[in-house]
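Hi everyone, thanks for coming. Today I'd like to walk you through one protein chain, slowly and with every term explained. Please have a look at it on the screen first.

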Amino acid sequence: MNVGIAYARPTAQIWRNLEVPEGATVREVIEASGLLGEFPELDLAVNKVGIFGAIAKLEKPVKEGDRVEIYRPIHPDAELLEKKK
């Protein structure tokens, strides 16, 4: 089934479509996307995740057409901190 995944930083916005098997979970979509390797700051023990703006558990199965989202912590100086990297 076809699902999307989205992640945004101040300097990069990622949107990908993926084919995943029926019954795939939010965690499996994230792992299949390759984003964990591309963005080492992502930590599924810390970052919240969701589907279409609603917080979801990593074990939640996705449905055809869902958009999985990985959220960054909101910090008042987030843009400044990002520029220091």
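I'll go from the overall layout to the sheet, then to the core, one loop and the salt bridges.

Before that, a word on where this comes from. This is a predicted model, in which local features need pLDDT of at least 70 and side-chain atom pairs count only at pLDDT 80 or more, while totals for chains, interfaces and linings use all residues. Residues are numbered from 1 along each chain as its sequence is written, and side-chain values use heavy atoms, with hydrogens and water left out.

Let's start with the layout. The protein chain has 3 helices and 5 strands. Helices here are DSSP runs of H or I with at least four residues, strands are runs of E with at least two, and both are numbered from the N terminus. Reading from that end, the order is β-β-α-α-β-β-β-α.

How much of the chain is buried? Of the 85 residues, 40% are buried. Buried means under 20% relative accessible area, exposed means over 50%, and partly exposed is in between, using a 1.4 Å probe and protein chains only. The accessible surface of the chain is about 5400 Å², and carbon and sulfur atoms hold 55% of that. Those areas come from the Shrake-Rupley method with a 1.4 Å probe, and for residues only the protein chains shown count as cover.

Now the sheet. In which order do the strands lie? The 5 strands form an open sheet, E2-E1-E5-E3-E4, with mixed pairing. Two strands pair if DSSP finds at least two bridges between them. At the edges are E2 (12–19) and E4 (54–55), each of which pairs on one side only.

Take E1 as our example. E1 and E2 run antiparallel and are joined by 8 bridges; they make a hairpin with 2 residues between them. With E5 (residues 67–70), E1 (residues 2–9) pairs in the parallel sense, over 4 bridges. You can see both partners at Tyr7: in E2 its bridge partner is Ile14, and in E5 Tyr7 stands opposite Ile70. Further along E1, Ile5 has Val68 as its bridge partner in E5. E1 is also mostly covered, with 6 of its 8 residues buried.

A general reminder for the newcomers: in a regular strand the side chains alternate between the two faces of the sheet.

Next, the core. Which residues have the most contacts inside the largest nonpolar core? They are Val26, Ile30 and Val62, in a core of 22 residues. E1, E2, helix H1 (26–33), E3 and E5 each supply at least two residues of this core. By a nonpolar core I mean a set of buried Ala, Val, Leu, Ile, Met, Phe, Trp, Tyr and Cys residues joined through side-chain atoms within 4.5 Å.

Let's zoom in on Val62. Leaving aside neighbours within four places in sequence, its contacts include Met1, Val3, Ile51 and Val68. Contact means heavy atoms within 4.5 Å. Across the chain, among contacts with a separation of 6 or more, 48% are between residues 24 or more positions apart.

Beside Val62 in the sequence we come to Pro61, in the loop between E4 and E5. Pro61 is partly exposed, at 48% relative accessibility. Its C-alpha atom is separated by 4.1 Å from that of Thr25, although the two are 36 residues apart along the chain. Beyond its neighbours within four places, Pro61 touches Gly23, Ala24 and Thr25.

Finally, the salt bridges. How many are there? The count is 3, where a salt bridge is a side-chain nitrogen of Lys or Arg within 4 Å of a carboxyl oxygen of Asp or Glu.

One of them joins Arg9 and Glu41, at 3.2 Å from N to O. Arg9 sits in E1 and Glu41 in the loop between helix H2 (35–38) and strand E3 (49–51), 32 residues apart. Arg9 is buried at 18%, whereas Glu41 is partly exposed at 28%.

Another joins Arg16 and Glu38, with the closest N and O atoms 2.7 Å apart. This pair links E2 to helix H2 across 22 residues. Arg16 is partly exposed at 23%, and so is Glu38 at 40%.

There is also Glu69 with Arg67, at 2.5 Å between the closest N and O atoms. Glu69 is buried at 9%, while Arg67 is partly exposed at 25%.

That's my tour, thanks for listening!
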